[in-house]
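The following exercises ask the reader to work through the architecture of a protein model. Each task is followed by a stepwise solution.

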Amino acid sequence: MGRIVLYMWMSLDGFVTGPEDGPDQGLGIGGERLHESLVLAAGDDPATARSDDDVDALVLAEAMATGAVLTGRRTFDHAGHWGGDHHDGVPIIVLTRSVPDAPAPGHARYVTDVREAAAAAREAAGDRDVLLHGAEAARAFLRAGEVDELALQVVPVLLGQGRRLFDDMPAELVELEPIRTLDGPGTVALRYRVLPGTESGEES
């Protein structure tokens with residue numbers, strides 16, 4: 001069964017969006033700087049993302065080779081639900097506190113339990129990895145011990161404000177094993193394995 005891998009582009013001071021992020025401004029004020037090296041060939045379709053940065057291009061290829069997407073409701077809504085298809089028609093599992101009346105579009109479905117969502121994503125992906133999206137979702141799945149690896153693309157900028165990736169985490173240590181470091185012209189790509197037995201084991 002595949003790994004759940006968090007893919008995030010973040011500032012050096014730990015932000016994944018600028019301030020005032022929302023449906024009409026998904027990356028917040030100034031947050032576009034984090035994805036400056038990425039170009040979407042077709043609107044907001046993540047499957048069309050390209051980069052002249054060899055490191056970003058490699059990370060993108062790995063992300064788009066995943067067999068399922070696991071995301072939080074906030075990220076899903078702010079991204080316009082990706083039109084129901086994040087890439088290649090793979091299943092999208094959306095962690096949410098409450099299931100909306102309207103059904104999830106396209107290949108997406110809503111799940112309210114953290115571990116149930118992780119299990120559904122792993123099963124859907126088969127022997128491929130699962131792409132995990134979103135700061136709040138990342139923290140929820142880390143607390144539940146359901147994240148296997150972190151793929152963090154660190155952009156050389158200090159945003160100062162916005163939404164931090166690892167904000168409001170519990171006091172327990174989460175030990176990481178470095179797997180890979182790649183230096184690109186616009187990002188440093190860091191990949192870590194989450195060591196078993198170091199998560200808090202709490203659910204959101």
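The exercises below concern a predicted model and proceed from the sheet to single residues.

**Exercise 1. The sheet**

Determine the strand order of the open sheet of eight strands, and identify its edge strands.

Solution.
- Step 1. Read across the open sheet, the eight strands follow the order 7-6-5-8-1-9-12-11, and the pairing is mixed.
- Step 2. Strand 7 (108–111) and strand 11 (176–183) each pair on one side only, which makes them the edge strands.
- Step 3. Direction ignored, neighbouring strands of the sheet are turned by 25° against each other on average.
- Step 4. As an example of pairing, strand 9 (residues 149–155) and strand 12 (residues 188–194) run antiparallel and are joined by six bridges. Val 154 has Val 188 of strand 12 as its bridge partner.

**Exercise 2. Helices against strands**

Establish which strands are touched by helix 3 and which helix 4 lies across.

Solution.
- Step 1. Helix 3 (residues 114–125) packs on the sheet and touches strand 1 (4–11), strand 5 (68–72), strand 6 (92–95), strand 7 and strand 8 (130–133). The direction of helix 3 makes about 160° with that of strand 5.
- Step 2. Helix 4 (residues 135–143) lies across strands 1, 5, 6, 8 and 12, and runs at about 120° to strand 8.

**Exercise 3. The nonpolar cores**

Find the residues that touch the most other members of the largest nonpolar core, and list the contacts of Leu 70.

Solution.
- Step 1. The largest nonpolar core has 32 residues; Leu 6, Leu 70, Leu 132, Phe 141 and Leu 165 touch the most other members.
- Step 2. At least two residues of this core come from each of strand 1, strand 5, strand 6, helix 3, strand 8, helix 4, strand 9 and strand 12.
- Step 3. With residues up to four places away in sequence not counted, Leu 70 touches Ile 4, Ile 93, Ala 117, Ala 118, Ala 121, Val 130, Leu 131, Leu 132, His 133 and Phe 141.
- Step 4. A separate second core comprises 25 residues, among them Val 5, Leu 38, Ala 104 and Ala 189.

**Exercise 4. Aromatic geometry**

Characterise the two aromatic pairs of the structure.

Solution.
- Step 1. A pair of aromatic rings is described by the distance of the centres and the angle of the planes.
- Step 2. For Phe 76 and Trp 82 these values are 5.9 Å centre to centre and 65° between the planes, an edge-to-face pair.
- Step 3. Phe 76 and Tyr 110 are also edge-to-face, at 6.1 Å centre to centre and 85° between the planes. Phe 76 lies in helix 2 (residues 73–78) and Tyr 110 in strand 7, 34 residues apart, so that the pair links distant parts of the chain.
- Step 4. Phe 76, Trp 82 and Tyr 110 thus belong to one aromatic cluster. Phe 76 and Trp 82 are both buried, as is Tyr 110.

**Exercise 5. Loop residues**

Is Thr 96 buried or exposed, and what do the side-chain contacts of Thr 96 involve?

Solution.
- Step 1. Thr 96 is located in the loop between strand 6 and strand 7.
- Step 2. Buried means under 20% relative accessible area; Thr 96 counts as buried because its relative accessibility is 6%.
- Step 3. The side chains of Thr 96 and Arg 73 are joined by a polar contact of 3.0 Å, and the Thr 96 side chain reaches the backbone oxygen of Ser 98 at 2.8 Å.

Notes
Residues are numbered from 1 along each chain as its sequence is written. This is a predicted model: local features need pLDDT of at least 70, side-chain atom pairs count only at pLDDT 80 or more; totals for chains, interfaces and linings use all residues. Side-chain values use heavy atoms; hydrogens and water are left out. Two strands pair if DSSP finds at least two bridges between them. Helices (H or I, at least four residues) and strands (E, at least two) are DSSP runs, numbered from the N terminus. Axes are lines fitted to C-alpha atoms, for helices over the stretch in contact, and angles run from 0 to 180 degrees between N-to-C directions. Contact means heavy atoms within 4.5 Å. A nonpolar core is a set of buried Ala, Val, Leu, Ile, Met, Phe, Trp, Tyr and Cys residues joined through side-chain atoms within 4.5 Å. Buried means under 20% relative accessible area, exposed over 50%, partly exposed in between (1.4 Å probe, protein chains only). Rings of Phe, Tyr and Trp (its six-membered ring) pair if their centres lie within 6.5 Å; planes under 30 degrees apart count as stacked, over 60 as edge-to-face and the rest as tilted. A polar contact is a pair of N or O atoms within 3.5 Å; within protein, one must be able to donate a hydrogen and the other to accept it, and residues adjacent in sequence count only if both atoms are side-chain atoms.
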